[in-house]
Amino acid sequence: MIFVPLVSVVSLITLLLAVLMGYGLQVLVVMATFMLIQATYSFLAIMMDDEDWKLIVFSPLFVAGYKELRNFIKIKSLYDILARKEMKWGTLTRVGTPETKSTIKVTSSIRH
């Protein structure tokens with residue numbers, strides 16, 4: 001839980017430095033390889049579940065964005081725990097009328 005998100009931050013920094021140092025093509029090849037692997041997993045899952053084939057278009061987003069979003073949420077959650085930040089439930093405000101009349105008619109199913 002802790003190791004993967006922290007290593008992900010280090011790998012993003014390393015990728016950025018590699019691009020700045022002129023290794024952009026190599027970074028693209030590695031990312032394309034991982035996107036191809038993810039697309040293969042998605043292809044197999046779509047084929048097994050008989051889903052819509054258009055969903056395979058979204059598989060590269062796991063490599064290029066969704067994984068980083070999940071890792072950011074994990075790191076923020078870890079920080080909140082270590083900082084002993086007090087967590088509270090949010091509040092909801094009801095909108096509409098305070099009373100609602102039921103439209104269901106109660107009828108007796110027993111006949112005399």
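**Reading a helix contact**

Modeller: In this predicted model, Val4, Pro5, Leu6, Ser8, Val9 and Leu12 of helix 1 meet Glu68, Asn71, Lys74 and Ile75 of helix 3. By residue type, this contact of helix 1 with helix 3 divides into six nonpolar, two polar and two charged residues.

Biologist: At what angle do helix 1 and helix 3 pack, and how far apart are their axes?

Modeller: Angles over 145 degrees count as roughly antiparallel, those from 65 to 115 as roughly perpendicular, and those under 35 as roughly parallel; the rest are oblique. Here helix 1 and helix 3, the latter formed by residues 60–82, pack at about 125°, with 9 Å between their axes. Helix 1 is therefore oblique to helix 3. Their crossing is left-handed.

Biologist: Where does Val4 lie, and is Val4 buried or exposed?

Modeller: A residue counts as buried under 20% relative accessible area and as exposed over 50%. Val4 belongs to helix 1, which covers residues 3–20. Its relative accessibility is 52%, so Val4 counts as exposed.

Biologist: How far apart are the C-alpha atoms of Val4 and Ile75?

Modeller: Separation along the chain and separation in space are read as two values. Val4 and Ile75 are 71 residues apart along the chain, while 9.8 Å separates their C-alpha atoms.

Biologist: What secondary structure does the protein have, and what percentage of its residues count as buried?

Modeller: The protein has three helices and zero strands, in the pattern α-α-α along the sequence. Of its 112 residues, 11% count as buried. The protein exposes about 10,700 Å², of which carbon and sulfur atoms supply 69%.

Key: Residues numbered from 1 in each chain as written. Predicted model: local features only at pLDDT ≥ 70, side-chain atom pairs only at ≥ 80, totals over all residues. Heavy atoms only, no water. Helix = DSSP H or I, 4+ residues; strand = E, 2+ residues; numbered from the N terminus. Buried < 20%, exposed > 50% of the residue type's maximum accessible area, 1.4 Å probe, protein only. Axes fitted to C-alpha atoms, helices over the stretch in contact; angles between N-to-C directions. Left-handed = near helix turned anticlockwise from the far one by under 90°. Contact = heavy atoms within 4.5 Å. Nonpolar A, V, L, I, M, F, W, Y, C, P; charged D, E, K, R; others polar. Areas by Shrake-Rupley, 256 points an atom, 1.4 Å probe, with all protein chains shown as cover.
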